[in-house]
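Dear colleague,

I am handing over the structure below, and my notes on what was found in it follow. Please read them alongside the coordinates.

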Amino acid sequence: MKLLVVSDSHGDRQIIADLLDHYQDQVEAVIHCGDSELKATDSLLDRLTMVQGNMDLANFPLIQKK
């Protein structure tokens with residue numbers, strides 16, 4: 001199983017979108033290890049498995065699964 005693991009993008013939504021688009025056919029899951037600082041309503045969250053970081057101010061669950 002191939003995974004892409006990222007963290008600490010600190011509001012850089014575009015880099016997350018670029019990574020998702022670039023690796024979509026190469027990995028089975030993308031895991032964000034916190035501090036994305038995305039809004040809780042951001043559509044990118046549908047494509048991530050994510051844990052909440054200390055800088056994530058949105059009301060994310062501790063673990064968000066696709």
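**Surface patch and strand β1**

M1, L3 and V5 form a nonpolar patch on the surface, and their accessible area together is about 340 Å². Please keep in mind throughout that this is a predicted model. Within the patch, L3 belongs to strand β1, which covers residues 3-6, and L3 counts as partly exposed because its relative accessibility is 41%, a value between the 20% and 50% cut-offs.

**The chain as a whole**

The protein chain contains one helix and four strands, and along the sequence these elements follow the pattern β-α-β-β-β. Of its 66 residues, 36% count as buried, while the chain exposes about 4,400 Å², with carbon and sulfur atoms supplying 52% of that area. If one takes the contacts between residues at least 6 apart in sequence, 41% of them join residues at least 24 apart.

**The nonpolar core**

The largest nonpolar core is made up of 12 residues, namely L4, V6, I16, A17, L20, V27, V30, L38, L44, L45, L48 and M50. Two elements, β1 and α1 (13-23), give two or more residues to this core, and α1 gives the most, with three residues.

**Salt bridges**

Side chains of opposite charge can pair when their charged atoms come close. In this model the count comes to two salt bridges. In one of them, R13 pairs with D42, the closest N and O atoms being 2.8 Å apart; since R13 lies in helix α1 and D42 in the loop between β2 and β3, the pair ties together parts that are 29 residues apart in sequence. The partners are not equally covered, for R13 counts as partly exposed at 35% relative accessibility, whereas D42 counts as buried at 13%.

A salt bridge also joins the side chains of D21 and R47, with 3.3 Å from N to O, and this pair links distant parts of the chain, with D21 in helix α1 and R47 in the loop between β2 and β3, 26 residues apart. Here D21 is partly exposed at 44% relative accessibility, and R47 is likewise partly exposed, with a relative accessible area of 30%.

**K39 in the loop**

Is K39 buried or exposed? At 62% relative accessibility K39 counts as exposed, and this residue lies in the loop between β2 (29-32) and β3 (49-51). The C-alpha atoms of K39 and D56 are separated by 8.6 Å, although the two residues are 17 residues apart along the chain.

With kind regards

How values were computed: Residues numbered from 1 in each chain as written. Predicted model: local features only at pLDDT ≥ 70, side-chain atom pairs only at ≥ 80, totals over all residues. Heavy atoms only, no water. Patch = residues over 30% accessible without salt bridge, like charges linked within 9 Å, V, L, I, M, F, W, Y side chains within 5 Å. Areas by Shrake-Rupley, 256 points an atom, 1.4 Å probe, with all protein chains shown as cover. Salt bridge = Lys/Arg side-chain N within 4 Å of Asp/Glu carboxyl O. Buried < 20%, exposed > 50% of the residue type's maximum accessible area, 1.4 Å probe, protein only. Contact = heavy atoms within 4.5 Å. Core = buried A, V, L, I, M, F, W, Y, C linked by side-chain atoms within 4.5 Å.
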